Every structure is written in structure tokens, then in C-alpha cells.
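Here is a protein model to look around in. Have the sequence and the 3D view side by side, and let's take it one part at a time.

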Amino acid sequence: MNTISPWAATVQADLENSALIWEKECHKYNFQAYNTGDSLWITVHWPSSGKMAFRPAFGMNSCFEVTNLFDDGQTLVLNLETRLGQYEVIISFPDPGSPLLHYTTTFKANRPLLIPFWPRDIIPLTQKGNVENTSGKIHMNQIGSRSGILFASMTRPKTGSIFYFQDLGSLSAYCEAAQTSIEDTVCGSWPEIGFKLPPALDKPLPDDKPYIISDAYVLFSEDSMDDAVTVTQQFLNNLAAVYRLLPHPEIIYHNWPEITQNCLDDIYNNKGCWTQTNGSSYLNAYLCDYDTPAEVMVQLAVLVPLNELRHWYGETHPVYNDLFNGIDAFYDQKVKTINRWLPALHDELDGSEIQKKEMVMDSWYLYHPLMNLARLALKGEKKAEELVMKSIEYAIKAAHHFNYDWPVFYKMDTFEVIRRETEPGKGGEKDVPGSYAHLMLLMYRLTNDKRYLNEAEKSVKKLAGCGFDIFYQANNTAFSAGALLELFKITGKKEYLDLSYVCMACLFKNVQLWDCQYGFGKNYPNYFSVFPLNDAPYTAAYEEMEVYAAMSDYLIQAAEIDLLPSLKILIAEFVKYAVSRLPYYYPSKLPQEMISEEVKTGEIQKELWIPLEDLYCGWEKSGQVGQEVYGAGVGFGAMTRQYHQIKGEEFLLFVDYPLIHYKKAKNTISFRVLGSEEFECSLKIVMPDKNAMKIEVNQNKEIIHSYSNTKSLMEYAITGGSSITIKW
């Protein structure tokens, strides 16, 4: 039996003793509304059996009077009044193809009010018996400021599932007025689950206007899900179904060529970015952090996008050679692999953190630099190939020692485990088997040796059954998804494709699919941002850039397969919003008052085009960790993926969805845009100011016209999945 609060204990009896005020059937689900005094409830009856109640409005120690009820068959509007204020509840079913309930509640106080408490808005019901005797499984819920999602199944009585999405961005005005935060508001413990309006404890909610206090979408299903693949695919499908109905913030276009040049200039010329060891130059991890020895991951995190940029430009910036020349010094003869820290500087590790000790390795940190060396090798860099070939045997030895089940920290020379689990009972870094497989597949491409392919297949078996728990670090989970997709394409084994969808679900579970417009969050767009760790309180520049690049590549690699339709929507839209959001990691884009005065590592120079590591939404200041030099590749990654050069011409193409089949023939370009035909992206033709060419754009063989046209920029709205031809 579950323990319940007074606000749940009387719900069932209250409903049974209250008069029905509204009823509607939708896709064989029966919806009813009741006024039980201090609560307005919507009860939902499944077609077979099972009931659940949703509370759009709570009277706060006061009883409701229904002052108006309007029902046109499509939308129900209820006006309610208490001694404390007026409520309006709008109930609708916006998707004709599914049982999807949407309710929005506004409240206008009669006087300024402190709000110390609010009950959760979902309670399961029974035909007979008590609420506390029900049971259910919560597949996932909101953590921190991630999306306001609760995905749960009711198992006793066996009923089905609900996918609950609270559009937290709608509550920004309430949070701004009451100086409160929307974090961790959609969760709970069975049977009291759902959304809990954040309290107004220190500043009263004013009586100046109505405030939205709930904006919920609920999708119902009769399916009982008991395996990780089914749960995660249903999660993706449900998220896409709700995403279709959400209001989407404006996309902001940024001049990435200019940003890229600013980044190159600042990283090359600012001495705070660099340190010197034995005559070689190395990047600091954080601006002006001279106490921490150089790290191999930091160098390669910038080298790889710089390599992409040199191929895009057709020329090499001096910063590339400066970095590349010193990379072989990270090879450690003692363990026969590249090491995290320069072996020559092990004595300078201060031991202030677990990893800042000689021979201590964070599991993902071994494989991440090797991936980047393999990527450089595949681009023709012979020194990178030599280094990765010299290091790969140790990488495989570690995998075999841990049986593809890596701890968090271990000693490189002895494999002694220093920290086994991320949290007690949670296991180690569960996405490392996928990132290891990604490395093995890069090696397979490099050498055509099937040993590496076999290693990849052995490793990903550890991901089966993990479900949402695969996610340890966002970029490694994204690499895992790509590796599994590649394994599916090589072997044809569907279980790999299903596991790649599981990884994608883990990523979309950890996004902020709402626009924070209160506190410091209103100073920059944060819609569709992704968090680096399960419990990270902020989004991080480098991890976001790598996830964005991996997502873009995933959609391109999946272009010729029968990809889950929900992913065609979610990945393409994520990429579009990432390109719009990422420049706001640069402190020059942010107001001074939202940048932290205290910095954990190094210092912040606001006008420098080096990103902050950490962006918070809401009331927390950003940049608390520091200015992240190894995130400098953000601009280079966006530039090379979203801009397309036209050989022999001075203008550029910008498309904020990924594209494939790019061809040029005389004065004609053709390509196919990826994504879903349900959504649009932007095509921009970036012209030199002096140019006045006549350009014709065709979408699916029909001429389309620009919605904005200046001397330097022609802008078109194009549909995902369409074929584009441009003639001049």
C-alpha cells in the first residue's frame, strides 16, 4: 500500500460525491469534468478499464464556483471563481488522430498572494477500493530544468500509459512575477504524480493580470510496455506527437562565418588560451588556467573541428599546426597509449580531484581522444594514424579487462578500480560500450580489419536492456547512437537499429524543450538545449557542440533507411535550434549582469570569442565553471555543417536542416533536405554586398519565392524532405 497525503486521500470520494459538469468521448476514451469544491478535476476512463484524474485548477483553501461554461464540441472553456481570484480553464483535443488532451489554466488573484503549497495534478483512480492500492511505473520524469515530462504506466489495475508534457515556457510570466523556479516540478511518487506549481514563498504573486499556471498535454495509450525498446520508442513517438502541437520560438540567424573568424583570431592571439611545455604550444582547458597540465582531450576537441574547417576553406590556419605539432607528446611509453595528461607533467598534477592524479583514468576519457585521432587519420593525417595504431591495443585490453562494463575511474597501469559506480546501485559509465564501439568502427573504416567490427558488436551487447539508463554523458550517448546505426547498416541486424533509438530517446529525455523567459534565462534562447549529464544543472558548450554534430551526422547516415518518423522530426528540429542557440555561449552575446563574478577555473574575458562552459536558465548566473577553451570548436562545427560553398561562385548557401545529394552542374545546384515534410527550415543565399544576381529557387520542381530579400541575404522557407534546385 502506498502512503498518500491529505490532498490525495479524499479525491476518489470527492469525485464520487460531486456532480458531473461536462463529458466528452475521444477515440473511445471518456473524459468527464467535476467541481469537487477546492479542485476542478478531469477524469479519464480508458476504453477497456482503468481511470485517472487530472487537476487543472486548485482553489487554495477556497471553493470554486463555476461562473461560465462554454462548449462548442471542440473546446471547453470553464470560468471559475473563488474568494481568492478568478480562473479560466481551456480544455481541448488538438490532435484529431489520437486521444490527446490539452488543458491550459490561468489565474488572476484578487490581492497579492504568497503561495506556499500546491498539490500534484495527477491521481490514479480505481473502480472500487482505494487510490493507495494502485501501482504504476514511472518510466521517466523531469530532472532539473529539463522538459516537463512524466511518462508512466499504470500496472495495478493494468490500464495503459500516459505521456504528460507540461509546457513550462508558458509559466515564465508566473515565475518572473513570483521570482520562483520551474525546476523539478513534473515528477512525484506514485500515486501522487504530475505537475506541482512552484511556490511563491518570498515574493507574492501580484494581482495585476492573469498568469498561466498550467499548460499540459496528455497523450493516452492502452499499451502496457515492459521492455526498454518499446518504452523508449513510444517515448520518441509521443514526444514528436506533442512537439507537433507546441508553439515554437523564433529562429535567430547568426553570421557564422564572422563568428568563426572571431574565434580563430582570439584563440590564436590571446595568451590566456595557451601554455608552453618543452617547446610546444598547448591549449589550456579554461582561459588563464595555468595550474592544470595540458590535456589531450582539450587539444583534439579543437583540432578535429579545425581540420573540418581547413577542408572547408581549402587552407590551414596556423593554430592548427601549432596544436598538431605537439600531440604526439601525449603518448605514454609506460602504458603504450596516449594519456590524458602530458606524461612529462605528471608531477604537476595537484590531486585536487580524483582524475588529477598520475595514472588515474576516467573511462570515457580514454576513448574520446582516440576517436578524434581516428577521425584525423581518416582525413589523411599520418601522425594521427600512427598514434592511434600505437594506442589501440591498450584500448582493447582495457575493454577486455572490464568485460565491456567500465567503471568511472581506474588506474591505467594496474586496472585497479578507484570508483566503480556513478551512484550507489547505478553502475558505471553505461554509454562507454557505445563510444568504444564507435572507436572500433572508425578503426574498421581505417584498416578494413574485421577484428574491430567484431569488437564493436561484442561491446554494444552491454547496452541491451539498459533503456533510459544508458545515458552517462550526452556526447558519448550520441556517438553510441551513431555506432549502432552504422552496425545496423553493416550487418542488417534490427536489434542495433532499435538500440540506436534507445540512445536517441536518452538524449531527448535530457533536453529542455521549453523556452525559459524568466530570470536570466530571458536574455538568450534556450529552447531545445541538451544537458551534458543526467543531473547536470547547466548546459555545456562542448558537449552541446558534439551532440549537435553527431545528431546531424546520424540523420545524414539514416537518410536511406526507413527511419522512425518521430526521429526525422526531432533530430532535424534539434539541429535547427542548436544552430540558432549555440552563439549564446559566447559571453559577448550576453548581458554582463548574468555572467558570474566568481569563476571556478581561470577567468572570464567577456569580449573574447571563447565560449562559457555553463549556461543556466532561470535565476542562476552563467559562466560559474569558466570560459571553456576546448569548446572553441563550436563555431567551426556549425560553419562547416550549415554553410555550403559553390565552386567558382562568391555566394554561400545556408540551410539549417542537414542535406544530402549536393550537386553542382554549370549554374545549377541541387540537393535534398532531410527532416520531416511536416516542418520547415530556412534556406539562405548569402551574397557579397556588391552582387546582384538573378536567382531562381525550385522546391520539388515548383518555383518558390523569398520571404526576405536584402543585398546580402535572400531567405526562403523550405520543407523538410524536399528536393531543391537553385539556378542563376
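In what order do the five strands of the open sheet come? The order is β29-β30-β33-β37-β36, and the pairing is antiparallel. Before going further, note that this is a predicted model: local features need pLDDT of at least 70, side-chain atom pairs count only at pLDDT 80 or more, and totals for chains, interfaces and linings use all residues. Residues are numbered from 1 along each chain as its sequence is written, and side-chain values use heavy atoms, with hydrogens and water left out.

**Sheets and strands**

Two terms first: strands (E, at least two residues) and helices (H or I, at least four) are DSSP runs numbered from the N terminus, and two strands pair if DSSP finds at least two bridges between them. Back in the open sheet, β29 (643-645) and β36 (708-709) stand at the edges with a single partner strand each, so one side of each has no neighbour in the sheet. The partner strand β30 (residues 652-655) runs antiparallel to β29 and shares three bridges with it. One of the contacts to find is Q645, whose bridge partner in β30 is L652.

Now try β32 (residues 668-673). In a regular strand, side chains alternate between the two faces of the sheet. You can see this in β32: I669, F671 and V673 point to one face and are buried, while T668, S670 and R672 point to the other and are not. Buried here means under 20% relative accessible area, with exposed being over 50% and partly exposed in between (1.4 Å probe, protein chains only).

β32 pairs with strand β31 (residues 659-665) through five bridges, running antiparallel, and with strand β38 (residues 723-727), also antiparallel and over five bridges. R672 in β32 is the bridge partner of I660, and S670 has T725 of β38 as its partner. The hairpin of β31 and β32 has two residues between the strands, and there K666 takes a positive phi near 55°.

Another hairpin joins β11 and β12, with six residues between them; G144 in that turn has a positive phi of about 60°. Strand β11 (residues 135-141) pairs with β12 in the antiparallel sense over six bridges, and M140 stands opposite F151.

**Backbone oddities**

Most residues other than glycine have a negative phi, and most peptide bonds are trans. Here are some spots that go the other way.

| Spot | Value | Where |
|---|---|---|
| R156 to P157, cis | omega near -5° | P157: loop between β12 (148-156) and β13 (158-166) |
| W190 to P191, cis | omega about 10° | P191: loop between β14 (186-189) and β15 (192-195) |
| M60, positive phi | phi near 55° | loop between β4 and β5 (65-71) |
| Q179, positive phi | phi about 50° | loop between α3 (172-178) and β14 |

M60 has 14% relative accessibility, so it counts as buried.

**Rings**

The structure holds 45 aromatic pairs. Rings of Phe, Tyr and Trp (its six-membered ring) pair if their centres lie within 6.5 Å; planes under 30 degrees apart count as stacked, over 60 as edge-to-face and the rest as tilted. F58 and W118 have ring centres 5.3 Å apart and planes at 80°, so they are edge-to-face. F58 is in strand β4 (residues 51-58) and W118 in the loop between β9 (113-115) and β10 (122-125), so the pair ties together parts 60 residues apart in sequence. Both F58 and W118 are buried.

Y410 and F415 make a tilted pair, 6.0 Å centre to centre with 35° between the planes. Y410 is at 0% relative accessibility, so it counts as buried, and F415, at 9%, does too. Elsewhere, ring pairs link W22, Y29, F31, W46, F54, F93 and F220 into a cluster.

Some rings have a charge over them, meaning that NZ of Lys or CZ of Arg is within 6 Å of the ring centre and within 35 degrees of the ring normal. The charged end of R375 sits over the ring of F479, 4.9 Å from its centre. K383 lies over the face of F324, at 4.9 Å from the ring centre.

**One helix to finish**

How many residues of α15 are buried? The count is 15 of 17, so α15 is largely enclosed by the rest of the structure.
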